[in-house]
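Student: Hey, I've just opened this one and don't know my way around yet. Can you walk me through it?

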Amino acid sequence: EKAIAEGRLDFWEMSRPLLADPYLPKKIAEGKPEEIAPCIGCSQGCMDRIFSDEEICCLVNPSLGREADPAYQITPAKKPKKVFVIGGGPAGMEAAKRAAKRGHRVTLFEKESELGGQLFIAALPPYKHEINDAREYFVRDLKKTPVEIRTGVEVTAKMIEAEKPDAVVVATGAVHLAPATKEMSGDNVVSAEDILWGRKETGQEVVVIGGERVACETAELLVDKGKHVTVVRQGPKMATRVGPVQRGRLLTRLREKGVTLMTGVQKFEGVTKEGLKIIDKEGETRTLKADTIVFGVGMKPVKTLARELEGKIPELYTIGDCIRPREIIEAVEEGARVGCEV
């Protein structure tokens with residue numbers, strides 16, 4: 001805007017931002033930049049899909065590519081319902097917003113003090129800060145609707161049964177996995193979650209267990225702090241569930257920064273004071289010396305509330321990571337679809 005105003009540019013071309021919000025120029029012209037759905041450069045719905053020959057969509061604009069699909073149309077509800085949405089992450093916020101726009105009486109519950117769920121921790125690794133822009137947009141957009149938002153409330157099945165809603169959308173998300181065996185535990189073992197939040201520090205020599213987004217992004221955070229980092233996994237490749245655009249960049253940065261990427265580990269034997277004992281891909285038993293072992297093998301869904309409500313509510317839906325931990329784009333898509341269905 002400054003360059004155009006100063007006459008240094010005649011026009012400015014943009015592509016992906018107009019997929020995220022086709023009304024971006026209009027909103028700027030009207031002086032409403034805060035209403036723009038921001039492109040965060042994730043490439044999950046556009047460039048990644050082009051590479052795999054799929055129809056495009058968008059993390060912040062779940063209507064993109066689905067404009068003619070009745071399942072995603074915000075149409076007036078035939079009969080307004082009392083709807084509870086449990087969980088204020090991206091899936092829950094999108095479901096609540098769309099259900100309210102259709103005329104339902106919606107209450108959104110979030111056990112933390114702020115809305116956002118996993119978006120907070122997703123924005124902490126290097127090069128991920130723009131996820132904060134998406135979170136802030138989702139919250140602003142939700143607050144323009146008549147949804148009643150109750151934060152700091154941990155919902156129980158008894159509470160819901162007592163309130164007698166017509167429909168409940170469970171979006172309780174997922175939690176980070178902890179070591180499953182005593183052999184993989186110890187005073188020198190910490191979770192990737194604790195590292196990302198800055199709740200715990202590591203020694204200079206660090207081994208990160210895992211090979212997908214959580215482990216790789218935690219490794220980059222640590223190497224940027226000057227740590228010597230090795231990432232180990234049992235699979236043959238790293239970051240296989242990260243889209244092709246971001247995967248290439250992520251792995252290139254890790255290698256350039258000196259992170260050791262070790263795949264094909266046959267078995268994790270256990271944690272010792274010296275480090276992590278493994279059987280490598282050649283079948284040799286060895287110890288990877290480390291002051292700290294970081295556990296970053298992924299997440300597990302939180303399904304307790306959904307299971308407790310089965311058969312007790314007229315309409316029960318589950319969306320987002322409480323079905324199966326995935327990416328933000330899937331959570332938003334499911335929230336949009338269920339918000340239009342409920």
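**Cavities and a helix**

Tutor: Let's begin inside: the largest cavity has a volume of about 120 Å³. A cavity is a set of points on a 1 Å grid over the protein atoms alone where a 1.4 Å probe fits but cannot get out, and a volume is the space filled by probe spheres set on the points, which are joined across faces, edges and corners. This is a predicted model, where local features need pLDDT of at least 70, side-chain atom pairs count only at pLDDT 80 or more, and totals for chains, interfaces and linings use all residues. Residues are numbered from 1 along each chain as its sequence is written, and side-chain values use heavy atoms, leaving out hydrogens and water.

Student: Which residues are closest to the centre of the largest cavity?

Tutor: Cys 39, Cys 42, Ser 43, Cys 46 and Cys 58, out of 15 that line it. Lining residues have an atom within 4 Å of a point.

Student: And what's that lining like by class?

Tutor: Eleven nonpolar, three polar and one charged. Here Ala, Val, Leu, Ile, Met, Phe, Trp, Tyr, Cys and Pro count as nonpolar, Asp, Glu, Lys and Arg as charged, and the others, Gly among them, as polar.

Student: How many cavities of 30 Å³ or more are there?

Tutor: Two. The second largest holds about 40 Å³ of space, and its lining is Pro 90, Met 93, Glu 94, Lys 97, Phe 138, Asp 141 and Leu 142.

Student: Which elements give two or more residues to that second lining?

Tutor: α5 (90-101) and α7 (131-143). α5 gives the most, with four residues. Helices (H or I, at least four residues) and strands (E, at least two) are DSSP runs, numbered from the N terminus.

Student: OK, α7 then. Which of its residues are buried?

Tutor: Ile 131, Ala 134, Arg 135, Tyr 137, Phe 138, Val 139, Asp 141 and Leu 142. Buried means under 20% relative accessible area (1.4 Å probe, protein chains only).

Student: What do they pack against?

Tutor: α5, β2 (105-110), α6 (119-122), β3 (148-151) and α13 (328-341).

Student: Zooming out, how many helices and strands does the protein have?

Tutor: There are 13 helices and 15 strands. Of the 342 residues, 49% count as buried.

Student: And what does the C-alpha trace span?

Tutor: About 65 × 65 × 35 Å along its principal axes.

Notes
1 Å grid on protein atoms, 1.4 Å probe; cavity = no way out; pocket = protein on both sides within 12 Å on 5 of 7 lines; lining within 4 Å. Buried < 20%, exposed > 50% of the residue type's maximum accessible area, 1.4 Å probe, protein only. Contact = heavy atoms within 4.5 Å.
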